[in-house]
Every structure is written in structure tokens, then in C-alpha cells.
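Hello,

As agreed, here is the structure for your files. My notes on what turned up in it follow below.

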Amino acid sequence: MQGLVALVTGAGRGIGAAVAIELARRGAHVVLTARTRGGLEETDDIIRAAGGTATLLPLDLVQGDAIDPLGPTLYDRFGRLDILVHAAAVLVRLTPVAHIQPKDWDASFAINVSAAWRLIRTMDPLLRAAPAGRAVVLTDGRAADPHAYWGLYGAAKAAQEHLVRSWAAETATTPLRVNLVDPGPTATRLRAAAYPGEPPNTQKPPDQAAPGIADLCELAESRTGALVTL
């Protein structure tokens with residue numbers, strides 16, 4: 001991945017941070033985005049300690065209008081974008097469908113759906129122009145397997161999946177490869193919020209999921225429109 005530029009959302013912690021570190025280890029220059037600068041700096045420290053390079057870009061994905069200039073900004077700074085990994089996600093709360101509050105609905109769809117749409121819209125020209133553009137969007141099994149109290153999160157992830165699969169179909173005849181990945185149960189903050197009684201260290205750490213996600217960004221990846229479960 002030497003000479004490639006990758007953008008990773010949710011790079012301040014969890015799977016996003018682990019994937020950013022793995023891409024940098026493979027030689028990519030990684031643009032790190034997350035809501036808080038502190039987490040980005042921690043990821044950046046790990047990358048630089050291993051000899052990699054990164055650019056920090058604090059960004060709150062809830063502020064949709066702030067996403068729109070990202071594509072032109074990256075073009076002005078780097079002249080290219082080869083890899084997009086959208087790892088940011090939010091679990092607002094688990095609640096019966098009949099009890100979902102409008103503010104929770106808006107917050108969930110802002111991150112889990114609207115942010116993906118805006119990222120696709122602003123990054124599509126750069127990724128299509130890349131010699132071998134790669135886009136990977138993280139999803140969750142709840143999108144296709146509804147459970148009680150998971151209606152809000154599952155609906156948002158299902159909508160995101162539909163957008164991404166449609167984009168993959170629209171770009172199938174280009175060099176761009178677009179795929180979804182379900183990392184499975186992983187020890188993240190989102191997992192801890194969903195299962196507060198789960199004993200610690202019972203799920204795999206994020207750095208075990210990162211190599212499989214980074215593999216989807218490699219030149220050798222030929223699939224598009226796939227949902228890969230790790």
C-alpha cells in the first residue's frame with residue numbers, strides 16, 4: 001500500500017483505530033477522522049511509533065454539512081484517495097420500536113445512514129479516479145436478523161447496507177471495489193453498551209478484526225457488493 005491514501009472514520013478507538021493502524025503498517029498514509037481529537041492523537045502515536053504516517057482530521061459526522069467538503073479537501077491536500085473505510089457507528093439505545101424517540105431516531109440515522117450517504121457522495125469521484133479504489137463499510141448482523149429492542153439500530157444498518165450495495169452495483173464496471181464487512185462480536189465500546197453484563201475479555205479485541213478488513217482494501221480484492229463476515 002506504499003503511496004496510497006486511506007480515509008478511516010471512527011479512527012479514535014475500537015475497530016476504526018485498529019484498521020487505521022493496520023493500513024498504516026501496510027504502507028498507506030492514513031487520514032484519521034473521529035469526533036474527539038484525543039482518540040485520534042492516541043491512534044496517531046501508535047502509527048508513528050511503528051514508522052507510519054497519518055493526518056488527523058477531527059470531524060463530528062452528525063454535522064452532515066461538514067462531510068461534504070471532504071472529497072475536495074483531500075484532493076487539494078493529496079491529489080488522490082485510494083481507500084475509504086467507514087467504521088464509525090452509534091448505538092443510541094435499545095428500546096421497543098413503539099418507544100423509539102424522534103431524537104434517538106435522528107441521532108442513529110445521522111451516523112449510521114446519512115454519514116455513509118454523504119461520504120459516498122463526496123468520495124465517489126476520487127475513488128473512481130484511483131487506479132484501484134477500495135471502499136469498505138462496517139455493518140452488523142442485526143441488519144438482516146431482527147431482534148427485540150434492536151429495531152432502531154438494525155433498521156439504520158439495513159438502510160446503510162442497501163445504500164452501499166446499490167453503490168457497488170453502480171460502480172461494478174469500474175476499478176472501484178465496494179464491500180461490506182461484519183466483524184462479528186468484538187470488544188468495542190458499542191458492544192459494551194449493548195451488553196453491559198457481559199464479562200470482559202470474552203470477545204476478540206479490535207486488532208484481531210483489523211487484518212481481515214484491511215485485506216478488503218488490497219489490490220488483490222476482486223469482489224464488489226459482497227458482505228464479508230469475519
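On the outward side of helix α3, Y75 and D76 are exposed. Please keep in mind that this is a predicted model. The helix covers residues 70-78, and L70, G71 and L74 in it are buried. Viewed down the axis of α3, these buried residues fall within an arc of 100 degrees, so they line one face of the helix. Y75 and D76 lie on the other side.

What sits over the buried residues of α3? The cover includes three strands, β1 (5-9), β2 (29-34) and β3 (54-58), and also helix α4 (102-129). Just after α3 comes G79, which has a positive phi of about 75 degrees.

The sheet

β1, β2 and β3, which help to cover α3, also belong to an open sheet of seven strands. Its order is β3-β2-β1-β4-β5-β6-β7, and the pairing is parallel. Which strands stand at the edges? These are β3 and β7 (227-229); each has a single partner strand, so one side of each is left without a neighbour in the sheet. On average, neighbouring strands of this sheet are turned by 20 degrees against each other, if direction is ignored. As background, strands of a sheet pair through backbone hydrogen bonds, either parallel or antiparallel.

The middle strands

Strand β4 is made of residues 83-86. I83 and V85 point one way from β4, while L84 and H86 point the other way, and all of them are buried. β4 pairs with β1 in the parallel sense over four bridges, and L7 stands opposite L84 there. β4 also pairs in the parallel sense with β5 (residues 134-138), again over four bridges. In that pairing A135 of β5 is the bridge partner of L84, and V136 of β5 stands opposite V85. L84 is thus a residue with a counterpart in β5, namely A135, as well as standing opposite L7.

Is β5 enclosed or open? Five of its five residues are buried, so β5 is largely enclosed by the rest of the structure. R134, V136 and L138 point one way from this strand, and A135 and V137 the other way. Note that R134 is among the buried residues.

How the strands are connected

β4, α4 and β5 make a right-handed β-α-β unit. Helix α4 of this unit is also part of what covers the buried residues of α3.

On its way onward, β5 pairs with β6 in the parallel sense over five bridges, and V136 stands opposite N179 in β6. The chain crosses from β5 to β6 through helix α5 (residues 151-170), and this β-α-β crossover is right-handed.

Towards the edge, β6 (residues 177-182) pairs with β7 in the parallel sense over three bridges. Here D182 has T229 in β7 as its bridge partner. β7 is one of the edge strands already mentioned, with a single partner strand.

Best regards

Note on methods:
Residues numbered from 1 in each chain as written. Predicted model: local features only at pLDDT ≥ 70, side-chain atom pairs only at ≥ 80, totals over all residues. Heavy atoms only, no water. Buried < 20%, exposed > 50% of the residue type's maximum accessible area, 1.4 Å probe, protein only. Helix = DSSP H or I, 4+ residues; strand = E, 2+ residues; numbered from the N terminus. Arc of directions from axis to C-beta. Contact = heavy atoms within 4.5 Å. Pairing = 2+ DSSP bridges. Axes fitted to C-alpha atoms, helices over the stretch in contact; angles between N-to-C directions. Right-handed = clockwise from strand over helix to strand, strands pointing away.
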